[in-house]
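Let's take a walk through this protein together. Have a look at the chain below, and then we'll go through it piece by piece.

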Amino acid sequence: MTPKTTPLPRNPTNRRAFLKELLAGAVTASLLPLGLPAAAHASSTALNVVPLDDHLRLITGAGGNVLVAETAEGLLLVDGGNAASSSELLKLLGKVRPVRVLINTHWHPDQTGSNEALAKGGTKIIAHANTKLWLSTEIDVQWQKKVYPPRPAIALPTEILYTQAKLDFGGTKLEYGHLPQAHTDGDLYVFLPERNVLFTGDVMHAHAYPIVDWSTGGWIGGMTNAARKLLDVADASTRIVPGLGPVQTKADLQAQFDMLDVVRGRLIALLKQGMSAADMIAAKPTAEFDAKWGDPTLLIRNAYPGLWAHVREHGGIL
Ligand SMILES: [Zn+2]
């Protein structure tokens, strides 16, 4: 049987529109494995794929959120999920195109678990200088009672930055920058201005109090500053991808900033009253926020050492 072909429209304007549609269809087709609904993958993976546009996907279920941009030069990832999901993630992505660039928003295993596997395939890894330092050493995360061994040399970022940078990769523009001493001391945000998509990493969580990893330099004042910086980057129509959870809006980010700003101020006041972390938890400084954000125990317990580390910034306690 002769395959049917659709003739090109004779009118040049219609022809351009037709070609554009045809091209869009072709590009979408190359992304089809990513665009399948989660149910189609249910038998083989827990990963879920959320289309953000024809060339941009959010993959959930890999520990932390993974952002995937398809470019003319291959795939670009922001965060690579955890090690347990790595082979499934790579299998899913391998159906589309090779991964050329990975940006680690910070050192945590839910973001850097695919570093080894991707680097072996030639992926360039970009991160803040402090993230590279943490990945190259043993890390004692006291509040988790867990020690993380140094990662093998191949898992380390191959390109580092200290403040901010821009990248034009395969026609996809990115702006990324450091959010000092927030969730950790090496957090990056990544903004795609043409898509108006902002990836925050773990400085923002959806529907739960964010985590302050004081063992590697995070503190609640830095979290507040990070939210303020991200509010400058975003506008009302920005799609904000948090480190974990569904896509958020600027209003959600504003709500997190407002909450953190109030809680930070109250914790500083309680510190000046000589309270311990247990006293602060008992004082319920987050009471009106708990219905929305959940159990504040970890937030307060982890904020406490950071309040001492930054005590000069709030005038000392004497
Ligand atoms: Zn994290």
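**A hairpin and its surroundings**

Let's start at a turn: strand 12 and strand 13 form a hairpin with four residues between the strands, and in that hairpin Asn196 has a positive phi near 55 degrees. Keep in mind that what you're looking at is a predicted model.

Now follow the two strands of the hairpin. Strand 12 pairs with strand 13, which covers residues 197-205, in the antiparallel sense, and three bridges join them. One bridge to look for is that of Leu192, whose partner in strand 13 is Val197.

Strand 12 has another antiparallel partner too: strand 11 (residues 172-179) pairs with strand 12 over five bridges. Here you can pick out Tyr176, which has Val190 in strand 12 as its bridge partner.

How many of the residues of strand 12 are buried? Strand 12 runs over residues 187-192, and six of its six residues are buried, which leaves the strand mostly covered. Both of its faces are covered: on one side you'll find Asp187, Tyr189 and Phe191, on the other Leu188, Val190 and Leu192, and all of these are buried.

Before we leave this part, check the loop between strand 11 and strand 12, where Gln181 sits. Its phi is positive, near 45 degrees, and Gln181 is not a glycine. That's worth a second look because most residues other than glycine have a negative phi. Is Gln181 buried or exposed? Gln181 is buried, because 25 other C-beta atoms lie within 10 Å, and the cut-off for buried is 20 or more.

Lys145 makes a nice comparison. You'll find Lys145 in the loop between strand 7 (139-141) and strand 8 (146-148). Lys145 also has a positive phi, near 50 degrees, in a residue other than glycine. Its surroundings are another story: Lys145 has 7 C-beta neighbours inside 10 Å, so it counts as exposed.

Next, on to a pair of helices. Helix 8 takes in residues 220-233 and helix 9 residues 250-272; their axes come within 9 Å and cross at roughly 150 degrees. That angle is why helix 8 is roughly antiparallel to helix 9, as angles over 145 degrees count that way. The crossing of the two helices is left-handed.

Which residues meet there? From helix 8 come Ile220, Gly221, Met223, Thr224, Ala227, Arg228, Leu230 and Leu231. Across from them, helix 9 offers residues including Leu253, Phe257, Leu260, Val263 and Leu267, along with Lys250, Asp261 and Arg264. Sort the residues of this contact by kind and you get ten nonpolar, four polar and four charged.

Further along, Ala278 lies in helix 10, which covers residues 277-282. Ala278 counts as exposed because it has 12 C-beta neighbours inside 10 Å, and the cut-off for exposed is 12 or fewer. Look for Thr297 as well: Ala278 and Thr297 are 19 residues apart along the chain, and their C-alpha atoms are separated by 9.0 Å.

Finally, step back and take in the whole chain. There are twelve helices and 14 strands in it. Of its 318 residues, 41% are buried. And among the contacts with a separation of 6 or more, 60% are between residues 24 or more positions apart.

Methods: Residues are numbered from 1 along each chain as its sequence is written. This is a predicted model: local features need pLDDT of at least 70, side-chain atom pairs count only at pLDDT 80 or more; totals for chains, interfaces and linings use all residues. Two residues are in contact if their C-beta atoms, placed from the backbone, lie within 7 Å. Axes are lines fitted to C-alpha atoms, for helices over the stretch in contact, and angles run from 0 to 180 degrees between N-to-C directions. Angles under 35 degrees count as roughly parallel, over 145 as roughly antiparallel, 65 to 115 as roughly perpendicular and the rest as oblique. A crossing is left-handed if the near helix is turned anticlockwise from the far one by less than a right angle, and right-handed if clockwise. Ala, Val, Leu, Ile, Met, Phe, Trp, Tyr, Cys and Pro count as nonpolar, Asp, Glu, Lys and Arg as charged, and the others, Gly among them, as polar. Two strands pair if DSSP finds at least two bridges between them.
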